[in-house]
Amino acid sequence: MSLKVLLTLSGGLEASLGAVALIAPALVVTVLLGVPAESASVVLARFFGIGILSLGVATLQARHDTESRAGISVAYAMTCYNLVAALLLIWAVTVVGLGGLILWVAGLGHAMLGGVFLHVLLRSG
């Protein structure tokens, strides 16, 4: 997989999820974590949405410049983000007891994306 395709896929997913978290934060909290949304979690979900939307937009823009230091830096940032997000989500399911199948899928999805980013970056030198 090329870095451009990977940045496009990842950026599109993150921007989409960020927009959903901004528009329907209670839904994101309830579906992802498996708990009812409260006012504090709705505010945090919207902040999450802003950050993820911004990360997605930056990633989508970087897909046009995969040969520059800036484009490669975004790819490294997405690698870090995905691998750490995977750890956090899997920890939330296994240790904290939040969520269920959807949180597992999100955690494993981030792990896969992080692994693919790492593979592509190591392969490209």
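The legends below describe four close-up views of a predicted model.

**View 1. Helices α1 and α5 lie against each other in a roughly antiparallel arrangement.** The axes of helix α1, which spans residues 3-23, and helix α5, which spans residues 101-124, come within 10 Å and cross at roughly 155 degrees; because angles over 145 degrees count as roughly antiparallel, the two helices are therefore described in that way. The crossing in which α1 passes α5 is left-handed. On the α1 side the contact is made by Leu3, Leu6, Leu7, Leu9, Ser10, Leu13 and Glu14, and on the α5 side by His110, Leu113, Val116, Phe117 and Val120. Divided by class, the residues of this contact of α1 with α5 are nine nonpolar, two polar and one charged.

**View 2. Helices α2 and α5 meet in a roughly perpendicular arrangement.** The axes of α2 and α5 come within 6 Å and cross at roughly 90 degrees, a value inside the range of 65 to 115 degrees that counts as roughly perpendicular. From α2 the contact draws on Val31, Leu32 and Leu33, and from α5 on Ile102, Leu103 and Ala106. The residues of this contact of α2 with α5 comprise six nonpolar, no polar and no charged.

**View 3. The largest pocket of the model has a volume of about 790 Å³.** Its lining is formed by 32 residues, of which Leu17, Leu32, Phe48, Leu89 and His110 are the closest to the centre of the pocket. Helices α1, α2 (25-33), α3 (39-62), α4 (69-96) and α5 each supply at least two residues of this lining, and α5 gives the most, with eight residues. By class, the lining of the largest pocket contains 27 nonpolar, four polar and one charged residues. Two residues seen here also appear in the earlier views, since His110 belongs to the α5 side of the contact with α1 and Leu32 to the α2 side of the contact with α5.**View 4. The second largest pocket encloses about 180 Å³ of space.** This pocket is lined by 12 residues, and those nearest its centre are Leu3, Thr66, Glu67, Ile72 and Ser124. The elements that give two or more residues to the lining of the second largest pocket are α1, α4 and α5, with the largest share, four residues, coming from α5. Sorted by class, the lining of the second largest pocket has five nonpolar, four polar and three charged residues. Leu3 is also one of the α1 residues in the contact with α5.

Methods
Residues are numbered from 1 along each chain as its sequence is written. This is a predicted model: local features need pLDDT of at least 70, side-chain atom pairs count only at pLDDT 80 or more; totals for chains, interfaces and linings use all residues. Side-chain values use heavy atoms; hydrogens and water are left out. Axes are lines fitted to C-alpha atoms, for helices over the stretch in contact, and angles run from 0 to 180 degrees between N-to-C directions. Angles under 35 degrees count as roughly parallel, over 145 as roughly antiparallel, 65 to 115 as roughly perpendicular and the rest as oblique. A crossing is left-handed if the near helix is turned anticlockwise from the far one by less than a right angle, and right-handed if clockwise. Contact means heavy atoms within 4.5 Å. Ala, Val, Leu, Ile, Met, Phe, Trp, Tyr, Cys and Pro count as nonpolar, Asp, Glu, Lys and Arg as charged, and the others, Gly among them, as polar. On a 1 Å grid over the protein atoms alone, a cavity is a set of points where a 1.4 Å probe fits but cannot get out, and a pocket is an open set with protein on both sides within 12 Å along at least five of seven lines; lining residues have an atom within 4 Å of a point. Grid points are joined across faces, edges and corners, and a volume is the space filled by probe spheres set on the points.
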